[in-house]
Amino acid sequence: MIKVVIVDGFSSGKFLAKELFDAGCLLLHISSSADLHDYYYYGFDYSIYSSLLTHQNLSDTNQDVALFAPDYIIAGAESGLLLCDELNHRFGLPFANDYNHSEARRNKYAMIETITHAGLAAARQTTASEWPAAERWIKSHHGYPVVLKSLASAGSEGVFICHSQAEAEDAFVQIMGSYSKLNAVNQQVLIQEYLEGAEYVVNMVSLMGRPLVTEVVRYTKLRLASGRILYDIDEILDASFEHYQALVSYTRQVIESLGIRNGPSHAEVMLTTSGPKLVEVAARTDGILRPTISARTTGLGQICATVMAITAPTQFLSFTECHPSYQLQNYSYNIGLINRHKGIFHQQDFLSELLTLPSFSLADFYVEEGDAIGVTQDVFSQPGAIYLVHSDAETIRNDYLTIRRLENDGVYLKNV
């Protein structure tokens with residue numbers, strides 16, 4: 001029996017863990033902190049784990065992991081990446097990434113510096129702990145718009161696109177000294193050149209340095225008046241997409257330069273007029289992926305490919321040779337819900353409407369029936385995601401517009 005430690009099996013890590021369990025693996029879960037945001041535990045299945053631990057210090061965690069004697073240690077969510085690297089380094093397991101680049105895979109400033117030194121195109125950037133220093137850099141690098149970020153967040157948390165000095169200073173104040181949902185205090189602010197272009201995701205799974213492309217996705221995001229960013233649509237693209245090879249080739253070089261040799265990688269890449277430039281990359285599965293949707297779109301998907309790399313490595317390596325790219329079986333939208341009004345969450349009327357849509361496939365709510373929810377301000381306050389799959393792209397687009405209309409009407413709310 002294959003023994004797998006999963007550090008922070010949240011987000012899409014929940015589905016990765018379930019697929020490993022169904023494949024016959026014995027699982028141990030480690031929470032990287034006792035103070036993780038409740039958001040992560042929504043839908044968490046305690047029953048698939050043989051034991052559940054909470055990390056307090058490396059000495060005790062090392063002892064607990066040694067008793068379990070794992071074959072693999074993987075991260076389920078962004079918050080578990082650093083501890084996962086530490087444990088893999090301690091136990092010397094082969095399904096691991098370059099420990100020397102561990103910090104660069106989490107710290108967004110170090111990440112961009114690393115790939116720049118490797119000769120890859122990337123945004124110009126700096127860090128600052130005081131606004132005057134940030135302001136000087138912005139003025140000396142062509143001004144606005146500019147992007148302000150926390151150094152180690154997840155999703156679009158702590159990311160602001162700023163079009164004026166007032167917006168940038170306000171964003172700086174909001175980020176500096178605040179705590180992220182990953183329970184890390186922001187002691188510096190990352191200031192980056194704004195990259196003009198379309199944003200894409202390139203998901204891969206690697207084994208012994210051999211990557212398999214599992215999804216190329218086009219992002220549509222919304223910018224709020226506050227400058228914060230929300231996920232709107234993830235649209236999976238076919239390998240025949242004209243910029244597919246350029247995005248894939250660039251991303252392969254990114255993950256190689258950051259030492260990602262084993263397991264999943266989730267890269268966000270801006271396609272600018274001068275070519276692809278990295279937004280950020282993480283050594284984990286894409287948070288919005290669901291195996292049932294992947295089975296109907298790409299036929300495999302990043303989650304199941306990761307399971308294959310762990311449970312059937314010979315088959316995985318053969319698959320990378322026989323399937324250098326995937327072919328899209330159906331079109332799909334993964335839609336992030338954006339709540340416009342305060343109220344009490346009530347799903348029945350919404351689900352009834354969704355079931356009438358030809359492309360509706362799955363609703364994944366992040367809140368419970370009867371919960372009070374506010375206006376969506378960031379990825380952590382998006383109340384859920386809707387998955388549309390269909391053979392006709394126009395049908396999906398029409399169903400998406402219907403969902404946004406229903407949402408604007410407050411279909412899943414009861415007034416407070």
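**Notes on cysteines, cores and pockets**

1. Let's start with Cys25: its relative accessibility is 5%, so this residue counts as buried. Keep in mind as you read that this is a predicted model. Cys25 has no sulfur partner either, because the closest cysteine sulfur, in Cys304, sits 13 Å away, too far for a bond.

2. How many disulfides does the structure hold? The count is 0. A disulfide is a covalent bond between the sulfur atoms of two cysteines, and the cut-off used here is 2.5 Å between the sulfurs. Cys322 is in no disulfide: the nearest cysteine sulfur is again that of Cys304, 18 Å away. Is Cys322 buried or exposed? With 55% relative accessibility, Cys322 counts as exposed, whereas Cys25 counts as buried.

3. Now for the nonpolar interior. The largest nonpolar core has 82 residues, and Leu20 and Leu278 have the most contacts inside it. Leaving aside residues up to four places away in sequence, Leu20 touches Val4, Ile6, Cys25, Leu27, Ile74, Val307, Ile310 and Thr311. So if you click on Leu20, you will find the buried Cys25 from point 1 among its contacts. Another core, of 21 residues, lies apart from the largest one, and Phe345, Ile373, Leu388 and Tyr400 are among its members.

4. On to enclosed space. Searching the whole structure for cavities of 30 Å³ or more turns up 1. The largest cavity holds about 150 Å³ of space. Its lining is made of 16 residues, with Ile74, Ala75, Cys84, Asn97 and Ala283 nearest the centre. Ile74 is also one of the contacts of Leu20.

5. Which element gives the largest share of that cavity lining? Helix H3 (81-91) does, with 4 residues. Strand E4 (72-75) and strand E12 (263-272) each supply at least two residues as well. By class, the cavity lining comes to 10 nonpolar, 5 polar and 1 charged residues.

6. The largest pocket has a volume of about 630 Å³. It is lined by 34 residues, and Ser11, Tyr39, Gly287, Ile288 and Val379 are the closest to its centre. Helix H1 (13-22), strand E11 (229-236), E12, strand E14 (331-336) and strand E18 (384-390) each bring at least two residues to this lining. The class split here is 13 nonpolar, 12 polar and 9 charged.

7. The second largest pocket comes in at about 490 Å³. Its 28 lining residues include Ile161, Tyr194, Glu199, Lys221 and Met270, which lie nearest the centre. Several strands give two or more residues to this lining, among them strand E7 (159-162), strand E9 (198-207), strand E10 (210-223), E11 and E12. E10 gives the most, with 6 residues. By class, the lining divides into 15 nonpolar, 5 polar and 8 charged residues.

8. One last residue to look up is Ser332, in strand E14. Its relative accessible area is 2%, so Ser332 is buried. What does Ser332 touch, not counting residues up to four places away in sequence? The contacts are Asp234, Glu235, Ile236, Thr297, Leu388, Val389 and Ile396. You have met Leu388 already, as one of the residues of the 21-residue core.

Key
Residues are numbered from 1 along each chain as its sequence is written. This is a predicted model: local features need pLDDT of at least 70, side-chain atom pairs count only at pLDDT 80 or more; totals for chains, interfaces and linings use all residues. Side-chain values use heavy atoms; hydrogens and water are left out. On a 1 Å grid over the protein atoms alone, a cavity is a set of points where a 1.4 Å probe fits but cannot get out, and a pocket is an open set with protein on both sides within 12 Å along at least five of seven lines; lining residues have an atom within 4 Å of a point. Grid points are joined across faces, edges and corners, and a volume is the space filled by probe spheres set on the points. Ala, Val, Leu, Ile, Met, Phe, Trp, Tyr, Cys and Pro count as nonpolar, Asp, Glu, Lys and Arg as charged, and the others, Gly among them, as polar. Buried means under 20% relative accessible area, exposed over 50%, partly exposed in between (1.4 Å probe, protein chains only). A nonpolar core is a set of buried Ala, Val, Leu, Ile, Met, Phe, Trp, Tyr and Cys residues joined through side-chain atoms within 4.5 Å. Contact means heavy atoms within 4.5 Å.
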